Amino acid sequence: MSGQSPEIDTAKINTAVAQATAPANDTPLLRVESVSKKFGDFRAVDRLSLDINAGEFFALLGPSGCGKTTLLRMLAGFETPDEGRILLGGRDIAPVLPHERPVNMMFQNYALFPHLSVRDNIAFGLKRAGMARAAIDTRVGEMVALVKLDGLEKRRPDQLSGGQKQRVALARSLARRPKVLLLDEPLAALDKKLRESTQLELMELQRRLGMTFIVVTHDQEEAMTMANRIGVMDAGRLEQVATPRDLYEAPASRWIAQFVGDVNLFDGEVASREHHHLTIATRDGGSIVVAEPRDLVGNTVVSVGIRPEKVKVSRRGPASDAGTSQAINRLEGVVTDVSYLGGSTVYKLKLDSGAVVRSSIANTARLDIDTLSAGQRVVAWFTPDDCVVLEK
Amino acid sequence: MSTHRIFARPARYAAIAPYLWMVLFFLVPFGFVLKISLSQTAIAQPPYVPVFDFSEGWSAINAAFAQLSFDNFRLLISDSLYISSYLRSVVVAVTSTLILLLIGYPIAYGMARLPQRWQPIAMMLVIVPFWTSFLIRIYAWINILQHDGLLNKILLALHLVSSPVVWLSTDTAMYLGIVYSYLPFMILPLYATLSKMDPSLLEAASDLGSSPRQAFWLLTFPLSLPGVGAGALLCFIPIIGEFVIPDLLAGSGSMMIGQTLWLEFFTNKDWPVAAAAAVALLVLLVPPLLLYDRLQRRTLEGGR
């Protein structure tokens, strides 16, 4: 999938990939082979294939109803695939019942046992495994320390806060030291601040334990923060599997570009091509020069995508193109809306063609003497490298 | 104080209604029964000598208190008739409740696991017998169980027995009638608890290595105990005082306390003793009620 990324950024992206992905392994820990799951006539998961390596933190991202939870539940064994195979360490786990799989799941609603104490909740899976009493005590102690629940061992779930419940659920699912930990929207029930700190703790924990985590989430920021790789799902299919950076900077489709982050899109046709650069005649933005290594023969109808933070806005625009040795795309328009967001400010521009372009500019200085305000006529500009050509 | 804001004025007064109901229809009648239980039998109309005569003022009441008689209660303890009918009531109620649990739990469990759209239908089927009068249903059982009744006809036709079996006027018939009549009261609270159970708990148990059987005993059953308690109490208490079913289906050998009460009131016309027996029955029922209340409160408070 990463092969689809434009050449221009590949150097940077490749470094990011090398840093992000786990050490390469010949056989993936988990292999999903064209798996389908039907509910009546509805294909919740549609001939989906996916490899996940040992030690990876993988996120399944998608809108609700895209089939990501169904896929997770098939991995846990709560649903059986109608077609395809799921291999864990090279072994087909279809006939393995959920309670015999070396896979554990952390449930979205935590599913803590209300009549058992924190300690007994965590020890539950260990007792089923027939572990000796002393060993259970040691392991529970480790888990309690790991998720920082010291002193709460005797409490029952309804005496815990949301964040504490989340930790118990995590400790309970980690206690059996599964090969793969499945997390179904693990942070959805926490408030924003707690969610952010817990994201970091989960990453830290995963790195320390060297375990494979597969997390299902609808929150792209969460997926991007935590995961080495993200699989974006829509309508039961994987639209793209990539590192967070690739996903954002080199989306595979128009849909992904819109689903992950914000994007300005210009529909148009390929007008000419030279030296890995395309000139695209767009309906709303005039001619836009785009860096694009692929030869888009026979596919002249495309969209140009530019992320808002890559669109610069100023009263006059850059003095010349000399600084970049590249053609700079310029769009002229009027500022219609200014939203100050703290770290950045989002400007909405109305182009002369009537199209709206969003630009997000980082507030790098505390005092800004050159703010733009609504009604001002400005130039929005961006380089060919900042553009992505989207075919679908 | 937040109630002031949540409820409008009339709604606040409405909270008195249940207490008013309790005072009017339980406490006051109970006071009458208590009063009768402390009086002496007389051949009169009504057939007892009142202990308190409110028309004669405070001094008379004080005098009455000084010579209150607990003779009727002493009689209850000394006469083996009462003790044996109390004991029989408890034995019958405990046995019936256990049988009801054994039959009702699987039914409620099955109902709770039915597909969502079938559950209301199953619920209807449980309640449907209530649409026919209770008494008529018991008479129907008499019809089925009698010498040439449906049951014997079937057994004879299937050659399972060579001559008609005596069903009617036995304890078997009585237990059959009690279990049949009280089954919905056992099923409904059990179903209510079981159907409310979060299915992800069972998935979590399975994920953590429990077989379905282990998951049932480790999760489903302990979590359904409030329903078990409610169902058991809902059956146990009325069965202890049951009169109609033992009177119509059981033999005349031994009586339950309800039958003894009836006998004292209507045949012997000994109202004071009957009233004393009724008071004693209530006292007997208070401990299990309090126990249930405590258990209920403990589950509500989450074991704090």
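These are my notes on a helix pair in chain B and the two domains of chain A.

**Setup.** I am working with a predicted model, where local features need pLDDT of at least 70, side-chain atom pairs count only at pLDDT 80 or more, and totals for chains, interfaces and linings use all residues. Residues are numbered from 1 along each chain as its sequence is written, with chains lettered from A and ligands numbered from 1 in the order in which they are written.

**Helix pair.** I looked up α6(B), residues 80-113, and α13(B), residues 225-240; helices are DSSP runs (H or I, at least four residues) numbered from the N terminus. Their axes come within 9 Å and cross at roughly 145 degrees; axes are lines fitted to C-alpha atoms over the stretch in contact, with angles from 0 to 180 degrees between N-to-C directions. The contact (C-beta atoms, placed from the backbone, within 7 Å) includes B:S89 and B:L100 of α6(B) and B:G231 and B:F236 of α13(B). I tallied it by class as 11 nonpolar, 5 polar and no charged residues, where Ala, Val, Leu, Ile, Met, Phe, Trp, Tyr, Cys and Pro count as nonpolar, Asp, Glu, Lys and Arg as charged, and the others, Gly among them, as polar.

**α13(B) alone.** I checked its length: 16 residues at 1.5 Å a residue should span 22 Å (1.5 Å times one less than the number of residues), and the end C-alpha atoms are 22 Å apart, which agrees.

**Chain A domains.** The domain assignment (automatic or database) gives domain 1 (9-102 + 178-254) and domain 2 (262-319 + 326-390). I found their C-alpha centres 33 Å apart, with 4 residues of domain 1 in contact with 4 of domain 2. The touching side of domain 1 has 2 nonpolar, 1 polar and 1 charged residues.

Note on methods. Helices (H or I, at least four residues) and strands (E, at least two) are DSSP runs, numbered from the N terminus. Two residues are in contact if their C-beta atoms, placed from the backbone, lie within 7 Å.
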